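Here's a walk through the empty spaces in this structure, with a stop at a sheet and a ring pair along the way. Have the viewer open as you read.

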Amino acid sequence: MPEISGFEFEYVMNPGVGGDTPEAFSAAKARQVHRFHRDIPGYTETPLAGLISLASAWGVGGVFVKDESRRFGLNAFKALGGSYAVARLLCEKLGWDIAKTGFNRLRDPEVLAKLGRVTLTTATDGNHGRGIAWAAATLGQQAVIFMPRNPAPARVEAIRAHGARVEVTDLNYDDAVRLACQTAEREGWEVVQDTAWEGYTKVPTWIMQGYLTMVHEAVERLDAYGIRPTHVFLQAGVGAMAGAVAGYLADRFGERAPTIVVVEPTNAACLYESMAAGDGKPHTVTGELKTIMAGLACGEPNPIGWDVLKATAQCFVRCGDFVAADGIRILANPIVGDPAVEAGESGSVGVGLLHLLANLPAFADLKGELGLTSRSVVLCFNTEGATDPINYRDIAWFGKYPSKII
């Protein structure tokens, strides 16, 4: 696959874009999910930062960043998927239709008495687990959260703050998922995991549908401005968020759908490897999965997300941690006139990638293949704020993981 000389950077183009995408991630479904989220106490639409000065400096028509660091006060987008999936799960136990059941109805004391105590469990690097812990606490249930080895202390404490029990393991993410499932089966708990495998697709689909609120809000806001995105950069771990967003965009825009670029860390690029294999199947990467982009440190693709992405994404990129670090610094230190955006390591990599494409001659060929021009409008998603405050400070203030510009 093409490698950009002098950089920790590789990409593969998708020769097979096209085909139907699941109705589960349609614009109509997004409107339904959005109505559900609007019923949750504390709901507000998160900002869409328009970086007008940055777009001018980088020679593109527009740069917009959907800032999920403000979502429900939880510093990440993951609560969207967690809250919707937990509510769907509880509605299923009650025999209710989620479309006719508001979030607050599930908090009613009579409903809680009917449900009894439900224990929810999942594995997480931090954000998804915090979303599940928050949803469980808000809905009067309990949560047990498993974490891979060496999590940031701030992420552990953020989950515990919602009353959840946290089990820090000596495993990588994928093995922590397996441990959570084994424990749930033994204890009679409900698994609310944000990836899928054979025999476990319903809950992950609900989680992905929950993410639709984020892209729906962004596209509706752009539409109000009379703007259509031409390029969307989507960071990916297992590919759940990326798949949901890509499915929505394909349904919403049809033949005018934007060019989608999927970006992953070098050591955890399971979607890149799946596309590079050329057989249409999801492929796993193993090992330490070491990266500062903790939310993307996943070795096994979500097959639901993969099926959508292989039909919709034009390019798959794997890159070094410096790309995310550059994105943090760029968003934290805006050009005069633009708003600052607090982006964590997994939320900043899209802007870091755009910087390479827009400004470095070494990336001119890829820029051309993607059709990135002065008329392009680029949409990125800041999926988390500074969930590891110490590392964020070291990157933004002290230049940790320095840029590879040569």
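The largest cavity holds about 250 Å³ of space in this predicted model. Its lining takes 25 residues, and those nearest the centre are Phe77, Lys78, Gly237, Gly295 and Leu296. Two elements, H5 and helix H10 (240–253), each give two or more residues to that lining, with H10 supplying the largest share at three residues. Sorted by class, the lining of the largest cavity comes out as twelve nonpolar, nine polar and four charged residues.

How many cavities of 30 Å³ or more turn up in the whole structure? The search finds two. The second largest cavity has about 30 Å³ of space, and among its lining residues are Val65, Phe233, Gln235, Cys380 and Phe381. Strand S8 (231–235), H14 and strand S11 (377–382) each put in two or more residues there, and the largest share, three residues, is from S11. No charged residue lines the second largest cavity; the split is five nonpolar and five polar.

Now for the open spaces. The largest pocket has about 610 Å³ of space. It is lined by 23 residues, and Arg149, Asn150, Lys290, Thr291 and Ala294 are the closest to its centre. For the second largest pocket the volume is about 190 Å³, and helix H7 (residues 173–187) gives the most to the lining, with five residues. Tyr173, Trp197, Glu300 and Pro303 are among the residues lining the second largest pocket.

Here are the linings of the two pockets by class:

| Pocket | Nonpolar | Polar | Charged |
|---|---|---|---|
| Largest pocket | ten residues | four residues | nine residues |
| Second largest pocket | eight residues | one residue | three residues |

Next, the sheet. Four strands make an open sheet in the order S6-S5-S4-S7, paired in parallel. Strand S6 (165–168) and strand S7 (190–191) sit at the edges, each pairing on one side only. S6 runs parallel to strand S5 (residues 142–147), joined to it by four bridges. Helix H5 (residues 127–138) packs on the sheet, where it touches strand S4 (119–123) and S5, and the direction of H5 makes about 170 degrees with that of S4.

Last, the aromatics: there are ten aromatic pairs in the whole structure. Why does phenylalanine 9 with phenylalanine 363 count as edge-to-face? The ring centres are 4.8 Å apart and the planes of phenylalanine 9 and phenylalanine 363 stand at 90 degrees, so the pair is edge-to-face, the cut-off being over 60 degrees. This pair links distant parts of the chain, 354 residues apart: phenylalanine 9 is in strand S1 (residues 9–13), while phenylalanine 363 is in the loop between helix H14 (349–359) and helix H15 (364–369).

Definitions and conventions
Residues are numbered from 1 along each chain as its sequence is written. This is a predicted model: local features need pLDDT of at least 70, side-chain atom pairs count only at pLDDT 80 or more; totals for chains, interfaces and linings use all residues. Side-chain values use heavy atoms; hydrogens and water are left out. On a 1 Å grid over the protein atoms alone, a cavity is a set of points where a 1.4 Å probe fits but cannot get out, and a pocket is an open set with protein on both sides within 12 Å along at least five of seven lines; lining residues have an atom within 4 Å of a point. Grid points are joined across faces, edges and corners, and a volume is the space filled by probe spheres set on the points. Ala, Val, Leu, Ile, Met, Phe, Trp, Tyr, Cys and Pro count as nonpolar, Asp, Glu, Lys and Arg as charged, and the others, Gly among them, as polar. Two strands pair if DSSP finds at least two bridges between them. Contact means heavy atoms within 4.5 Å. Axes are lines fitted to C-alpha atoms, for helices over the stretch in contact, and angles run from 0 to 180 degrees between N-to-C directions. Rings of Phe, Tyr and Trp (its six-membered ring) pair if their centres lie within 6.5 Å; planes under 30 degrees apart count as stacked, over 60 as edge-to-face and the rest as tilted.
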